[in-house]
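Trainee: I am new to this structure and would like to understand the terms used for it. Could we go through them together?

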Amino acid sequence: MTTPSDAAPAAVRRAPAPYMNPYLAGIGLGLVLLASYLVMGRGLGASGAFSSACAVAVGAVAPAHAAGNPFWQDYLQAGVGHPLKEWLVFEVLGVLAGGFLSGVLARRVRATVEKGPRISTGGRFALALAGGALMGIGAKLARGCTSGQALSGGAVLSAGSWAFMLMVFAGAYGAAWFLRRQWR
Amino acid sequence: MSMPLYKLGAFGDEASLVVAFLIGIGFGFFLEQAGFGSAKKLTDQFYFRDLAVFRVMFTAIVTAMLGLFWLGWAGVVDLSLVYVSTTYLAPQIVGGLLLGVGFTVGGYCPGTSVVAVATGKLDALFFLGGTFLGILAIGVAWPAVEGFAHSTDLGRLTLPEVLHLPFGAVVFLVVLMALGGFWGAGALERRLGGKGEEEP
């Protein structure tokens with residue numbers, strides 16, 4: 001606690017808490033996933049929520065294009081009365097809240113750029129944008145991302161999810177050598 | 001059989017959105033606690049510096065899998081009502097590869113990028129913007145890629161069916177594989193990731 005007399009600069013505020021033991025965090029995550037299966041009969045997800053948001057934006061800007069495109073229609077016809085009143089949209093809003101809550105408790109909420117020492121901030125932003133675009137395309141082809149396919153599909157032993165998971169690790173390790181200057 | 005609650009009509013669609021938000025809070029909380037709001041922590045996996053992604057992911061898979069297996073065996077949950085996504089083998093292989101490359105290039109995956117944004121990572125905002133652009137691109141190009149995206153449709157296919165083994169045997173093999181991986185992860189970090197030497 002700061003008192004008027006010690007006038008501490010921001011730099012000496014308490015350090016962030018260490019991350020949770022990975023096995024403990026994994027058990028916690030696994031129990032959340034199990035709860036989702038027991039309560040809802042479905043697993044977790046993330047990319048589907050972005051697709052819903054994207055479809056609503058496309059529907060607003062280019063309604064004629066959206067009306068004739070089955071990809072956007074799938075998302076525009078989903079939801080409880082509105083395409084954004086969709087299960088994954090609310091789940092991802094929860095992820096945002098839960099991540100923020102954990103970050104505040106661990107004193108890790110701070111405006112930063114995550115990168116290695118040898119790449120500029122602009123370069124990092126460009127690669128983040130490019131990586132996100134690859135993810136968006138890959139997740140739509142595979143019908144899910146690391147959450148929906150690898151984690152959720154993995155736990156119910158879906159054959160396609162396990163093939164997907166192996167390929168995610170293969171792609172990520174395959175690209176690692178080329179991207180080493182970004183991270184190290 | 002009293003579960004899955006929603007599929008058996010315990011509550012309706014509006015209430016399911018509240019459940020979604022609460023489950024999301026738990027999901028985001030443990031992702032952030034694991035350190036997955038940090039692109040450096042996530043990508044350390046791919047340089048063998050810190051295999052936390054593997055440890056967390058496989059502990060979570062084993063935990064949920066064992067819970068479903070035992071509760072199904074005890075007759076608490078009707079596993080035929082639990083959603084198993086359809087296998088489309090070729091698009092899932094290509095999509096997985098693209099996503100994996102995108103993981104190392106971008107530093108996040110869609111779920112972890114949300115947690116990163118929640119904890120102030122500015123690069124994660126660009127990653128999220130890129131994800132929207134990617135979805136926009138494939139959505140606009142959908143008539144051209146739809147044929148491939150719907151190819152090699154193998155239906156609701158599970159590993160026990162592929163391997164011609166009982167459900168319990170595959171569960172046991174996955175647990176063994178995970179334990180072997182956890183045992184090997186530390187050795188990989190020491191041999192290939194330079195753990196135990198000075199940190200750069």
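Mentor: Gladly; this is a predicted model, and we will take the salt bridges, the interface, the domains and the pocket in turn.

Trainee: Why is the meeting of Lys85(A) and Glu14(B) called a salt bridge?

Mentor: A salt bridge needs a side-chain nitrogen of Lys or Arg within 4 Å of a carboxyl oxygen of Asp or Glu. The side chains of Lys85(A) and Glu14(B) meet at 3.0 Å, N to O, so the pair fits the rule. Across the interface of chain B and chain A, the rule finds three salt bridges.

Trainee: How do you know how much area chain B and chain A bury between them?

Mentor: The size of an interface is often given as the accessible area lost when the parts come together. For chain B and chain A that comes to about 10400 Å², 77% of it on carbon and sulfur atoms. The contact takes 119 residues from chain B and 115 residues from chain A.

Trainee: What is buried between domain 1 and domain 2 of chain A?

Mentor: Domain 1 (21-110) and domain 2 (115-184) of chain A bury about 730 Å² between them. Their contact takes twelve residues from domain 1 and eleven from domain 2, and the count of salt bridges between them is zero.

Trainee: What makes up the lining of the largest pocket, by class?

Mentor: The lining has 20 nonpolar, 16 polar and nine charged residues. The pocket's volume is about 1100 Å³. Among the lining residues closest to its centre are Arg42(A), Tyr75(A) and Tyr83(B). Both domains of chain A take part, each giving at least three residues to the lining.

Terms used:
Residues are numbered from 1 along each chain as its sequence is written. Chains are lettered from A and ligands numbered from 1 in the order in which they are written. This is a predicted model: local features need pLDDT of at least 70, side-chain atom pairs count only at pLDDT 80 or more; totals for chains, interfaces and linings use all residues. Side-chain values use heavy atoms; hydrogens and water are left out. On a 1 Å grid over the protein atoms alone, a cavity is a set of points where a 1.4 Å probe fits but cannot get out, and a pocket is an open set with protein on both sides within 12 Å along at least five of seven lines; lining residues have an atom within 4 Å of a point. Grid points are joined across faces, edges and corners, and a volume is the space filled by probe spheres set on the points. Ala, Val, Leu, Ile, Met, Phe, Trp, Tyr, Cys and Pro count as nonpolar, Asp, Glu, Lys and Arg as charged, and the others, Gly among them, as polar. Domain bounds come from an automatic or database domain assignment. Contact means heavy atoms within 4.5 Å. Buried area is the accessible area (1.4 Å probe) that two parts lose on being put together, summed over both.
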